[in-house]
Amino acid sequence: MRGCLDTLVRCEDLLTAIEAAPRRISRDLALRVGPHFRHIVDHFGCFFQGLAHRHVDYDERARDTRLERDPERIRGALRETRHGLAQLGADAGLGAIDVHQRVCDDEAVTVASTLDRELAFLSSHTIHHISIIVRVATASGLVINPDLELAFSTAAHRRTFVSTENLCDPCAP
């Protein structure tokens, strides 16, 4: 759950950086990254809708395009999502659930999963879209903290690599 909460904070940080950009950049940029923010929120919405029935259907997204065009709506949806995650009890991840999703044009599958596994998916999925948002924002001229787009495993690997890189250099004479 913590990974999801952390990625949602990253989303809010990105939104703040985009809103702080000069108006001519922020308006165009918001139109290009708004769908990614909406997509992130939609996936969490499907997750929450499915909790009561232990059946998550990621294809039943709201796809509310008004959210894409309104940074305040995005910010509100991100906060609501964080609040919803914070309300999950410690035992929320226990037990099996079904996940339904279209895997190609003519096939949808329902697979067994757990809430913890779906939280891991949502965290990874969110980071994937954050990375796209960071790349689009950077290409538009914004200076964005590059750590925002790092997967947790990549950040951990880099910390380990940096702390051990000088211990044994196979290229050293």
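Select helix 2 (residues 23-51) and helix 5 in this predicted model; the two helices are roughly antiparallel to each other (an angle over 145 degrees; under 35 counts as roughly parallel, 65 to 115 as roughly perpendicular and the rest as oblique). Their axes cross at roughly 175 degrees and come within 9 Å. Axes here are lines fitted to C-alpha atoms, for helices over the stretch in contact, with angles running from 0 to 180 degrees between N-to-C directions. Helices (H or I, at least four residues) and strands (E, at least two) are DSSP runs, numbered from the N terminus.

Residues are numbered from 1 along each chain as its sequence is written. Local features need pLDDT of at least 70 and side-chain atom pairs count only at pLDDT 80 or more, whereas totals for chains, interfaces and linings use all residues; side-chain values use heavy atoms, with hydrogens and water left out.

Next, display the side chains between helix 2 and helix 5. Contact means heavy atoms within 4.5 Å. From helix 2, the participants include Leu29, Arg32, His36, Phe37, His43 and Phe47; among their partners in helix 5 are Leu115, Glu118, Phe121, His125, His129 and Val136. The residues of this contact divide into 15 nonpolar, 6 polar and 2 charged. In this division, Ala, Val, Leu, Ile, Met, Phe, Trp, Tyr, Cys and Pro count as nonpolar, Asp, Glu, Lys and Arg as charged, and the others, Gly among them, as polar.

Keep helix 5 (residues 115-139) and add helix 1 (residues 2-19). These helices pack at an angle of about 20 degrees, with their axes 8 Å apart, and are therefore roughly parallel to each other. Helix 1 passes helix 5 in a left-handed crossing (the near helix is turned anticlockwise from the far one by less than a right angle; clockwise would be right-handed). Among the helix 1 residues at this contact are Gly3, Cys4, Arg10 and Leu14, while helix 5 contributes residues including Leu119, Ser123, Ile130 and Val134. The contact residues comprise 10 nonpolar, 4 polar and 1 charged.

Now select the cysteines. A search of the whole structure finds 0 disulfides (pairs of cysteine sulfur atoms within 2.5 Å). Cys4 is in no disulfide, and the nearest cysteine sulfur, that of Cys11, is 11 Å away. Cys4 counts as buried at 1% relative accessibility (buried means under 20% relative accessible area, exposed over 50%, partly exposed in between, with a 1.4 Å probe and protein chains only). For Cys104, the closest cysteine sulfur is in Cys46, 19 Å away and too far for a bond. Cys104 is partly exposed, with a relative accessible area of 33%.

Return to helix 2 and bring in helix 4 (residues 71-87): their axes cross at roughly 30 degrees and come within 10 Å. This makes helix 2 roughly parallel to helix 4. The crossing is left-handed. Gly34, Phe37, Val41, Phe44 and Phe48 of helix 2 form the contact with Ile74, Ala77, Leu78, Thr81, Gly84 and Leu85 of helix 4. These residues divide into 8 nonpolar, 3 polar and no charged.

Move to Glu68 in helix 3 (residues 65-68). Glu68 counts as buried, at 15% relative accessibility. Beyond its neighbours within four places in sequence, Glu68 is in contact with Ala30, Gly34, Pro35, Arg38 and Ile74.

Finish in the loops. Most residues other than glycine have a negative phi. Arg54, in the loop between helix 2 and strand 1 (55-57), has a positive phi near 55 degrees and is partly exposed at 29% relative accessibility. Arg63 lies in the loop between strand 1 and helix 3; its phi is also positive, near 55 degrees, and its relative accessible area of 40% makes Arg63 partly exposed.
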